[in-house]
Amino acid sequence: MAPSIEEKKKKVDSKDKKDKDVTREKKEKKEKDPSKDKERKEKKEKDPLKEKKDKKDKVSSSKDATKDKEKDKKSKDGKDSKSSKKDEKANGATKSTPRQPPQAQPPRVVPPPKKAQNDYLGDIDLPSSSSEDEEEGERYTPIYAADDKDKELKSMATYRDKKKLADKERKQIEEAARAKVAALQDDDNVFDVAYEQQGGAGEASDVLSATDIKVHNLTIRAKGKVLLEGTTLTITAGRRYGLVGPNGKGKSTLLRMIARRQVPVPETLDVLLVEQEVVGTDEAALDAVVAADVELMALRAEEADIQLRLNAVSLDDRPADDDAPQPSTSAANDADNDRLAEIYERLAEMGADSAKSRASKILHGLGFTEAMQRRSTNEFSGGWRMRISLARALYIQPTVLLLDEPTNHLDLRAVLWLEEYLQRWKKTLIVVSHDRDFLNTITTDIIHLHDLKLHYYRGNFAQFEEMYEQKRKEVNKAAEKFEKQLKAAKRSGSKANQDKVVKSAKQTQARKAKAAPAGYADEDSKAAEQPKRWSDYTVHFEFPEPSELPSSSLLQLLDADFKYPGREDFGLKDLNIGIDMGSRVAIVGPNGAGKTTLMNLLAGDLEPTAGEARRSHALRVGRYAQHFVDALKFDTNPVEYLLSKYPKSGLKPEQMRQQLGRFGLSGHHHLQPICKLSGGQKARVVFTSISLANPHILLFDEPTNHLDMQSIDALSDALEQFEGGVVVISHDSQLLSRVCDDAERSEVWLVEDGQVQRYDGYFEEYKEELIKEISAEMDED
């Protein structure tokens, strides 16, 4: 019997239902299978652009499909629509269940980011690029059903916001990197200079013809920080000034403002500041010094040009026997001959014939041998090129010479030569130096930068110290008396009594200022101000007491020789020296003789090429050298640097900051990047590191560079109290005198001609011997 129509319809419906069940089971199985899911994700990551395109096509096609479904739904039974919604919800739950937070997803293979071309961005972990952000958004955005389109749009908006935030963070990091670069550059625009304008036209003409510098009510700010406020700058022609004060208070800035004429300087004065090394070229050192005289070089060039023209006329334009001389040619020759006579007269006035001789003597005084004077400037190191710059300045003799730490790159003999040379300087000189003996020798006046004011004192640095100490006691005593009177007036509750005390104190200050001798007080102190205490800058260095070692002889070089590979012109030989606990050694000798090489042999950084080096077991050495300062990690702050270097010290960040404070590094610099610290501040970080190492021996190579005078005094005190061995190379004779103060345990090692000899005498005797030798050489000239 043939099946009825109803039976056929039931068979079709049951078949459709089975097909739907099979399709749903396959779909669930596919979603539950992690390996297929992983392959799908890897395929998606390999071709994100294609997936995005497919996804857009799917979304557009889903819109059309949604319209058709809505028509079909109207004809279907309500139960079927409800069950289909349940299925969709079940499917949605199945899809959301295996999804994990971003950190729990399987690791993704990401190519390493490209190195930023800017060195300061090289080590910064920058946010991902925009394409990577889009990929991340596609990876973690859940797939919703077509009817949950609003949620999908909301999720896409959230990731757009995240992308904007990432871009903003990246821009902030780049801006910080640019700021770090700008912090290392010298920008003239960061300085704000204000001063009181001079009077009328008559006074202006006086200023133009003056030989002195006088600026009233001077204020200088650097990046908003006040360095000088309402003070007076007075420089008298022919005086030699020492500009002193703590580091970072504006001494070098004031010199730059004068040199760049950002403060009023008479046009008749030529001002020269020595602050940069000469550029290295193929020009010989001697020729580079002579070339500093611009007028001399211009006159010689003009002389050569005229001579060339005259020779050309005499050879090529000579008239024939039957022709008369041309009037125009004869007139030109006469003009050239007249000009040539003027040039010769001016060259004679300038002493042009002795120019090279004078330049050579200056270079010799600064440590250049005859062979070195013939070498190209590009063959010298930065320190030697700085000496060439100093030689150029001394050779041309400007009206106002400004020197900023001129002894930093000199050896002891060169410093003593410069002292003798500047004592004979007849023009105006302003020098910033941390060398106490140097200032005592060359200065006639001291300018003290204190409390944002310039204070003037007649005499050298030693006389200034006596007057300053006396003045400090008087000022603090007056301030203490004023504070007591004002406190009593406030207790009375009478405003009139308080005003009376303040007025009386100001009048007393004004009377004292008028009665003060000319070289004792600065002009700004004549203003009526109420008394206040002077806040003196103090610093204290301390190295811990070393632990005991079994052997009293800590370090020895026995019959030792040393040569650098390929350097037959340099070496040390027959070294027989030793250091004990408590030794005090000053290493002296000309630059380039091998003092630093000897220090490296003692430290173990170099090994002898012959002979023997003996070191006590468990010996700890504290080293200081300029390259140690340059080798600090610039991208960290001092606290982080010391904590990472001494993890076993057990010190917490607060305790490490206390250690830095003991060596004079102020608190607001503890957490600044090392790249933003000055040379003196970096040196304090190195000294703190040495102290944490608990050394038995201190080997210091030019430790006073970048330190102010108070810090040098503190370092000298610390070395005197240190119970271990001390070996010092320094151009600062004051430091060497204090290190070698104990005659019984002090030694002077003279490094010269490849050998190390013990000087038979004390350091002061060696210094006096050098001064007599230098003075005799200058007297011969």
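## A guided look at loops, sheets, helices and cores

Let's begin in a loop: Q397 is found between helix 14 (382-396) and strand 6. Keep in mind that this is a predicted model. From that loop we can move on to the strands, then the helices, and finally the nonpolar cores.

**Loop residues with an unusual backbone angle**

- Q397 has a positive phi of about 50°, although Q397 is not a glycine.
- Is Q397 buried, partly exposed or exposed? Its relative accessible area is 37%, so Q397 counts as partly exposed.
- A second example sits in the loop between strand 13 (610-615) and strand 14 (621-624), where you will find A618.
- A618 is a residue other than glycine, and its phi is positive too, near 65°.
- With a relative accessible area of 44%, A618 is partly exposed.

**Strands 1, 2 and 3**

- A useful background point is that strands of a sheet pair through backbone hydrogen bonds, in either a parallel or an antiparallel way.
- Strand 1 (residues 191-194) pairs with strand 2 (residues 213-222) in the antiparallel sense, over 4 bridges.
- To locate this pairing in the structure, look for F191, which stands opposite A222 in strand 2.
- Strand 2 also pairs with strand 3 (residues 225-235), again in the antiparallel sense, this time over 7 bridges.
- Here K214 stands opposite T234 in strand 3.
- Strand 2 and strand 3 form a hairpin with 2 residues between the strands, and K223 in this hairpin takes a positive phi near 55°.

**The open sheet of six strands**

- In what order do the 6 strands of the open sheet lie? The order is 5-6-7-4-8-9, and the pairing is mixed.
- Strand 5 (271-274) and strand 9 (453-458) stand at the edges; each has a single partner strand, so one side of each is left without a neighbour in the sheet.
- On average, neighbouring strands of this sheet are turned by 20° against each other, direction ignored.
- For a parallel pair, look at strand 4 (residues 240-244) and strand 7 (residues 428-432), which are joined by 3 bridges.
- R240 stands opposite L429 in strand 7.
- For an antiparallel pair, look at strand 8 and strand 9, which are joined by 6 bridges.
- One bridge in this pair links H450 with its partner K453 in strand 9.
- Strand 8 and strand 9 form a hairpin with 2 residues between them, and D451 in the turn has a positive phi of about 55°.
- As you trace a strand, remember that in a regular strand the side chains alternate between the two faces of the sheet.

**Helices to pick out**

- Helix 8 (residues 251-259) lies across strand 4, strand 5, strand 6 (400-404), strand 7, strand 8 (445-450) and strand 9. Helix 8 runs at about 150° to strand 6.
- Which residues of helix 12 (residues 355-365) are buried? They are A355, A359, I362, L363 and G365.
- Those buried residues cover an arc of only 160° around the axis, which puts them on the same side of helix 12.
- After helix 12 comes G367, whose phi is positive, near 105°.
- Helix 16 (residues 436-442) contains I442, a buried residue with a relative accessible area of 0%.
- Leaving aside residues up to four places away in sequence, I442 touches R240, E419, L422, Q423, L429 and V431. Two of these, R240 and L429, are the residues that stand opposite each other in strand 4 and strand 7.
- The C-alpha atoms of I442 and F461 are separated by 9.5 Å, and these residues are 19 residues apart along the chain.
- Helix 26 (residues 763-780) is where S775 is found.
- Although S775 and Y421 are 354 residues apart along the chain, their C-alpha atoms are separated by 9.1 Å.
- S775 touches E420 and R424, not counting residues up to four places away in sequence.

**The nonpolar cores**

- How many residues are in the largest nonpolar core? This core has 106 residues, and L394, W417, L422, F543, F687, F700 and L719 touch the most other members.
- Apart from the largest core lies another core, of 30 residues, including I258, L269, L273 and I430.
- Back in the largest core, L719 touches F543 and F700. Not counting residues up to four places away in sequence, L719 also touches R584, L698, V726, V728, L735 and V739.

Key:
Residues numbered from 1 in each chain as written. Predicted model: local features only at pLDDT ≥ 70, side-chain atom pairs only at ≥ 80, totals over all residues. Heavy atoms only, no water. Core = buried A, V, L, I, M, F, W, Y, C linked by side-chain atoms within 4.5 Å. Buried < 20%, exposed > 50% of the residue type's maximum accessible area, 1.4 Å probe, protein only. Contact = heavy atoms within 4.5 Å. Pairing = 2+ DSSP bridges. Arc of directions from axis to C-beta. Axes fitted to C-alpha atoms, helices over the stretch in contact; angles between N-to-C directions.
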